[in-house]
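The following exercises introduce a protein chain through short tasks, each with a worked solution. Please keep the sequence and the structure in view while reading.

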Amino acid sequence: MSNNCSEQNRMLKDISIIDFTLVELTQYLDTHPFDTQAMEYFNHYARIKNQMMQDFACRYYPLTTDTSTDRKEWNWVLSPMPWENVNDPYPLADSTPNGSCNNNSGRGGYR
């Protein structure tokens with residue numbers, strides 16, 4: 001497997017970890033709306049997730065329409081859908097069955 005696939009999968013896994021954290025913080029804040037420390041944590045992780053999503057969109061493809069960088073044409077529909085790699089039961093694992101990854105990396109490089 002190429003380094004590009006493992007990097008892409010690592011980034012997706014990291015985004016999902018931050019997203020899980022935000023869901024948990026949201027549930028906590030629903031019952032503790034005046035906890036300022038929890039709100040600071042939420043804002044901190046929301047900024048991190050936003051940056052991670054932007055980084056991923058620049059490097060691979062947008063995960064949500066609001067992270068799309070399209071200016072002249074709507075390329076959002078060219079991004080792979082979660083179910084497109086149906087042969088891989090663990091899409092965030094370090095390897096895929098066919099050794100490739102769903103990647104619309106025709107975009108400019110990041111870094």
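**Exercise 1. Identify the residues of the nonpolar surface patch, and state how Val77 is placed within the chain.**

Solution. The model under study is a predicted one. On its surface, Trp74, Val77 and Leu78 make up a nonpolar patch, whose accessible area together is about 350 Å². Val77 is located in the segment after α2 (36–59). Its relative accessible area is 58%. The cut-off for an exposed residue is over 50%, so Val77 is classed as exposed.

**Exercise 2. Describe the chain as a whole: its helices and strands, its buried share and its contacts.**

Solution. Begin with the secondary structure: there are two helices and zero strands. Next, consider burial: of the 111 residues in the chain, 29% are buried. The exposed area of the chain is about 7600 Å², and carbon and sulfur atoms supply 53% of that area. Finally, take the contacts between residues at least 6 apart in sequence: 63% of them join residues at least 24 apart.

**Exercise 3. Determine which aromatic residues pair, and in what geometry.**

Solution. The structure contains two aromatic pairs. In one, Phe56 and Tyr60 have ring centres 5.0 Å apart and planes at 45°, a tilted arrangement. In the other, Phe56 and Tyr61 are 5.1 Å centre to centre with 85° between the planes, which is edge-to-face. The angle for this class must be over 60 degrees. Phe56, Tyr60 and Tyr61 thus belong to one aromatic cluster. As to burial, Phe56 and Tyr60 are both buried, and Tyr61 is buried as well.

**Exercise 4. Find the polar partner of the Gln8 side chain, and decide whether Gln8 is buried or exposed.**

Solution. Gln8 belongs to helix α1 (residues 3–31). Its relative accessibility is 1%, so Gln8 counts as buried. The side chain of Gln8 makes a polar contact of 3.4 Å with the side chain of Tyr61, a member of the aromatic cluster treated above.

**Exercise 5. Trace the salt bridges of Glu7, and explain how they relate to the helices.**

Solution. Side chains of opposite charge can pair when their charged atoms come close. A search of the whole structure yields four salt bridges. One of them joins the side chains of Glu7 and Arg10, at 2.7 Å from N to O. These two residues are three residues apart in helix α1, so about one helical turn separates them. Glu7 is buried at 17% relative accessible area, whereas Arg10 is partly exposed at 39%.

Glu7 also meets Arg59 in a salt bridge of 3.5 Å, N to O. Because Glu7 lies in helix α1 and Arg59 in helix α2, this pair ties together parts 52 residues apart in sequence. Arg59, like Glu7, is buried. A network of salt bridges links Glu7, Arg10, Asp14 and Arg59.

**Exercise 6. Examine the salt bridge between Asp19 and Lys49, and state how accessible each residue is.**

Solution. The side chains of Asp19 and Lys49 meet at 2.8 Å, N to O. Distant parts of the chain are linked by this pair, with Asp19 in helix α1 and Lys49 in helix α2, 30 residues apart. Asp19 has a relative accessible area of 32% and is partly exposed. Lys49, at 22% relative accessibility, also counts as partly exposed.

**Exercise 7. State what separation the model gives for the C-alpha atoms of Glu24 and Phe42.**

Solution. Glu24 is placed in helix α1 and is partly exposed, at 39% relative accessible area. Glu24 and Phe42 are 18 residues apart along the chain, and 9.4 Å separates their C-alpha atoms.

Technical notes: Residues numbered from 1 in each chain as written. Predicted model: local features only at pLDDT ≥ 70, side-chain atom pairs only at ≥ 80, totals over all residues. Heavy atoms only, no water. Phe/Tyr/Trp six-rings, centres within 6.5 Å; stacked < 30°, edge-to-face > 60°. Buried < 20%, exposed > 50% of the residue type's maximum accessible area, 1.4 Å probe, protein only. Patch = residues over 30% accessible without salt bridge, like charges linked within 9 Å, V, L, I, M, F, W, Y side chains within 5 Å. Areas by Shrake-Rupley, 256 points an atom, 1.4 Å probe, with all protein chains shown as cover. Helix = DSSP H or I, 4+ residues; strand = E, 2+ residues; numbered from the N terminus. Contact = heavy atoms within 4.5 Å. Polar contact = N/O pair within 3.5 Å; in protein donor to acceptor, adjacent residues only side chain to side chain.
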